[in-house]
Every structure is written in structure tokens, then in C-alpha cells.
Amino acid sequence: MNINNIKKPNITSEEINEQIKPVLREMEKVGIKIDCNALKRLDKKLGKKLVKIKGEIFKLASREFNIDSPIQMAEVLFKELKLSTDGLKRTKSGISTAASELNKIKSEHAIIAPILEHREISKLLSTYLRPLPALVDKNDRLHTTYGLETSTGRLTSSEPNLQNIPIRGKHGDEIRSTFIADKGMKLIAADYSQIELRIVACLAGDTAMIDAFKKNEDIHTRTAAEIFNTKPNKVSRDQRRKAKAVNFGIVYGQTPYGLSQTLGIKIEEAAEYILHYFDIHRGIKGYINEMIEKAHTDGFVETLFGSKRYLPNINSRIRYIAEAEERMAINTPVQGTAAEVLKLAMIKLSQELAKLSGESGVKSGEKLLQDQNSKLLASSTRMLLTVHDEIVVECPEKEAKKVAKIVKDTMENIIGLCVPLQAEAGIGDNWSEAK
DNA sequence: ACAATGGTCC
DNA sequence: ACTCGGACCATTGTA
């Protein structure tokens with residue numbers, strides 16, 4: 001890896017993981033408050049809607065069946081209603097009824113739209129709205145468990161997973177807004193902007209990309225201008241959307257097929273975009289080749305802080321297996337380094353926030369003030385959540401602005417890359433508002 | 001109890 | 001002919 005663009009870290013990934021552990025245990029213990037009543041109201045509202053949609057689906061299918069069963073769904077759609085199956089993905093047991101596939105035949109029959117809506121709502125009900133209220137403590141707070149065992153170095157969150165709480169979709173905001181700050185407190189949500197792209201720009205030493213980030217340009221617009229041979233101010237919304245998918249895909253080792261699926265365009269068109277992209281971004285192309293070559297010869301790749309991922313099947317004669325590991329070889333250093341940067345920021349931030357409750361707290365060492373002090377700590381500033389490139393903090397209302405600045409500054413200055421790191425911090429009474 | 005399928009997040 | 005990076009969880013249906 002060409003690390004000439006980056007200062008050599010003086011800490012290893014193992015040390016980072018040791019230091020993040022107590023920080024995570026503390027976050028788990030504190031938990032985050034949710035508005036159970038709001039959650040139950042939403043449950044009721046969407047529950048009613050679901051019943052209505054169910055009726056529509058049965059009417060259009062001319063019979064009742066289990067909508068949650070892909071087998072029965074496929075039978076209704078493809079045997080009874082005889083919807084076309086060509087171009088649709090197959091599963092072991094027949095035709096796939098995944099949303100991405102149903103979207104392709106949406107115009108064929110009026111039953112598809114309510115099915116998709118049913119899927120969306122039943123997902124929210126069964127995974128979030130119903131289970132979460134049952135998991136709160138006596139203070140209405142949810143406590144997740146963070147894990148360190150991933151192949152890239154990212155954190156996991158389980159029981160409950162608070163890293164996949166809905167944010168897109170029709171009801172995303174409604175659900176996020178049930179994650180609230182305690183009385184007298186505010187939530188601060190801060191996330192890195194395009195941290196993975198910034199990291200790959202540096203790992204790859206891609207001059208065009210480094211230049212863009214240094215000038216604080218809109219990276220997707222710039223990419224669009226590049227691949228569509230136009231000026232940034234002439235880029236259309238659709239061109240920017242496509243360029244965003246291209247940028248996104250770089251980090252994943254995206255293929256023309258994958259990009260065509262994501263964008264719903266022809267493979268040939270996708271291939272053109274990618275080729276044109278690599279023509280301009282020689283650094284990125286070089287990085288990809290370098291990682292694949294390293295994985296073939298060494299059997300592993302590594303992150304900036306030295307976390308290794310072994311790829312034992314990269315020399316497999318079965319092509320798709322070898323190719324899968326080649327994509328991991330491309331992605332792991334990027335995703336893994338981003339994870340390390342976030343962990344470092346969390347470690348530093350926990351220290352900064354601890355200092356904060358120290359200064360605003362007790363002035364003398366009097367014994368009497370000790371429980372006052374512990375009360376103060378209970379309502380003081382602390383980290384609650386982390387979601388891969390985001391940190392959520394809770395703090396007293398009056399300090400929110402000050403704390404937001406500390407969070408943002410800590411995240412942005414945690415490491416000197418070849419391009420600036422940027423973090424956006426928002427303040428609100430709930431998670432949705434704070435973003 | 002477990003595999004398959006599908007869906008949510010970054 | 002067919003595929004993209006990393007997780008966790010709910011439901012169905014079979015063993």
C-alpha cells in the first residue's frame with residue numbers, strides 16, 4: 001500500500017481495539033431513551049394500515065394466502081396471475097419475490113404496489129415497532145451490545161441492533177424521532193462526510209480525487225462532470241445520481257453488472273462509465289490492481305493501522321469465489337481504515353467529554369459534594385451510540401452548542417490524512433432532528 | 001434447531 | 001450464466 005500520503009500511525013489496530021472496549025461498555029450501560037408511547041402509536045397506526053393493504057392484496061389475488069411466505073407469494077404471482085418471469089432472479093425454490101425483482105414487473109399488475117407496501121410496513125412492525133418497547137429499562141432506555149468481531153474492523157450492534165434503525169423510506173423519520181434526549185438534555189448526531197472516499201483517495205494517491213477533497217468540491221458532481229464530459233454546473237440530477245453510484249461502487253470493487261443493477265441501466269452503459277472513470281482516476285485503478293496483486297501473493301490485505309484480513313480463496317479456480325475475495329481485497333483496507341478512524345475519534349471523545357463534566361462539576365474536594373457529583377455525572381455529557389461513520393452524544397441543553405463543536409472538532413482532527421476530514425454535527429430533541 | 005428468503009442500516 | 005463491501009434479525013418451512 002502506498003502510505004506516502006499518510007502519516008505513519010503510532011498505534012496499532014490491536015491497541016485501538018483494547019482502548020475502545022471500556023468506551024463501548026460505558027455506552028452500553030448508559031443506553032438511549034426511546035418514546036415508547038410514540039412507538040406504540042405508530043404501531044397502531046401502521047397495524048391498521050397493514051390490515052387494509054392485506055385486504056387489497058387478497059382481493060387482487062382473488063384469494064387469501066400468507067403474504068409473508070415467498071413460496072406462496074410466487075405461486076400467486078407467477079402461477080395464478082401469470083405475471084412474466086423473464087429477467088427475474090431465481091432462488092433454489094423458484095422465482096424470487098424480492099422487492100428488487102417485483103419492481104421490474106410493477107407495471108404489469110396492480111397487485112405489486114400493495115405487496116411492496118405490505119413488505120415495508122410489516123418489516124417495520126416486526127423488527128422495530130413491536131420488539132423495541134419490550135427491551136427498555138425502567139427509565140425507558142435501550143441498551144445494545146457492541147461487538148468487535150467483524151472481518152473488516154467495523155463494530156457490530158446486537159440485542160437490539162441499533163445500527164439498522166430505519167432512516168430512509170416513508171416512515172424512517174417517524175421511527176428515528178422516537179429515539180429521544182432525556183429531560184433537559186439534547187442529542188447531538190455527528191457523522192463523517194464521505195470518509196471512505198477520502199480514505200481511498202489517500203490510500204490510492206489519486207491526485208484528481210485528492211484535489212477535489214482539498215478544494216471541498218461536491219465529489220459526486222465532479223465525478224459526474226468527469227464521466228459525462230461536461231462542466232460541473234451543467235451536471236443534471238440524474239447524472240449526479242449515476243456518478244454517486246459509481247463513486248460508491250469504487251469502494252466495493254463494483255462490476256459493470258453490479259452498477260447496471262443498481263442504476264437499472266444496460267451493462268454496456270455501466271461499463272462505459274466505469275472505464276471512463278478509471279481513465280481519469282489512474283490512482284484508483286492502480287490501487288485496485290495493487291491490492292489484488294498483494295492479496296494473491298501475500299494471502300492478505302491490511303488497513304492503515306495494520307489490521308489484516310486473510311483471503312485464503314483468492315487463488316481459487318472457481319472464478320466467482322476468487323473474484324469475491326478480490327473485491328474484499330479492494331474494500332477491506334478502505335472500510336477497515338474508516339472504522340479505525342471512527343474508533344480513534346470515539347476514544348478521544350470519551351476523554352474530552354469526561355474532562356467536561358469534571359470542570360462544570362464540583363469545585364472543592366468536600367465529601368458532601370460527592371453525591372452531588374455523581375448526580376451530575378448521571379446527567380452529564382456522554383456518548384450513546386455509534387453507527388459506522390456517526391456518533392450520537394447526549395448532553396445538557398445549555399451545553400449543546402459547545403459540545404457539538406467538541407464532537408465535530410475531535411472527529412475532524414483525529415488523524416492527518418492527505419485530505420481534510422469533514423464531520424457534520426446536528427442538535428435536536430430526537431435522533432431525526434439532530435441529523 | 002436450522003436453512004432459505006427477504007429487508008434494514010452504513 | 002451470474003456477480004458488487006460490512007453487519008443483525010424476522011418469518012417461513014423443513015428436519
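1. Let me start with the pocket, since there is plenty to look at. By class, the lining of the largest pocket is made up of 15 nonpolar, nine polar and 13 charged residues. Please keep in mind throughout that this is a predicted model.

2. The space in that largest pocket comes to about 1400 Å³. Its lining counts 37 residues, and I167, R168, F248, Y252 and D389 are the closest to the centre. Several elements each supply at least two lining residues: helix 5, helix 6 (172-176), strand 8 (185-192), helix 7 (195-204), helix 10 (237-250) and helix 14 (319-359).

3. Now to DNA strand B, which is surrounded by 22 residues. The closest of these are T97, R119, R154, I167 and D389. Sugar and phosphate make up 80% of the strand B atoms that come within 4 Å of the protein. I167 and D389 are worth a click, as they are listed among the closest residues to DNA strand B and also among the closest to the centre of the largest pocket.

4. A few phosphate contacts on DNA strand B are easy to find on screen. An N or O atom in the side chain of K92 is 2.8 Å from a phosphate oxygen, and for the side chain of S96 the value is 3.3 Å. At A99 a polar backbone atom takes this role, 2.9 Å from a phosphate oxygen of the strand.

5. Helix 5 (residues 112-129) contributes the largest share of the surface near DNA strand B, with three residues. By class, this surface has eight nonpolar, seven polar and seven charged residues.

6. DNA strand C has 31 residues around it, and S69, E159, G258, T262 and R309 come nearest. Here sugar and phosphate account for 66% of the strand C atoms within 4 Å of the protein. The surface near this strand has five nonpolar, 19 polar and seven charged residues, and helix 14 gives the most to it, with five residues.

7. Two contacts to bases of DNA strand C deserve a look. A polar side-chain atom of R154 lies 3.1 Å from a base nitrogen, and one of T255 lies 3.4 Å from a base oxygen. On the backbone of the strand, a polar side-chain atom of N66 is 3.3 Å from a phosphate oxygen.

8. Finally, there is an open sheet of three strands in the order 4-1-7, paired antiparallel. Strand 4 (141-142) and strand 7 (179-180) each have a single partner strand, so one side of each lacks a neighbour in the sheet. Two bridges join strand 1 (residues 32-34) to strand 4, and I32 has L142 as its bridge partner there.

Key: Residues numbered from 1 in each chain as written. Chains lettered and ligands numbered in written order. Predicted model: local features only at pLDDT ≥ 70, side-chain atom pairs only at ≥ 80, totals over all residues. Heavy atoms only, no water. Near = heavy atom within 4 Å. Polar contact = N/O pair within 3.5 Å; in protein donor to acceptor, adjacent residues only side chain to side chain. Helix = DSSP H or I, 4+ residues; strand = E, 2+ residues; numbered from the N terminus. Nonpolar A, V, L, I, M, F, W, Y, C, P; charged D, E, K, R; others polar. Pairing = 2+ DSSP bridges. 1 Å grid on protein atoms, 1.4 Å probe; cavity = no way out; pocket = protein on both sides within 12 Å on 5 of 7 lines; lining within 4 Å. Points joined across faces, edges and corners; volume = space filled by probe spheres on them.
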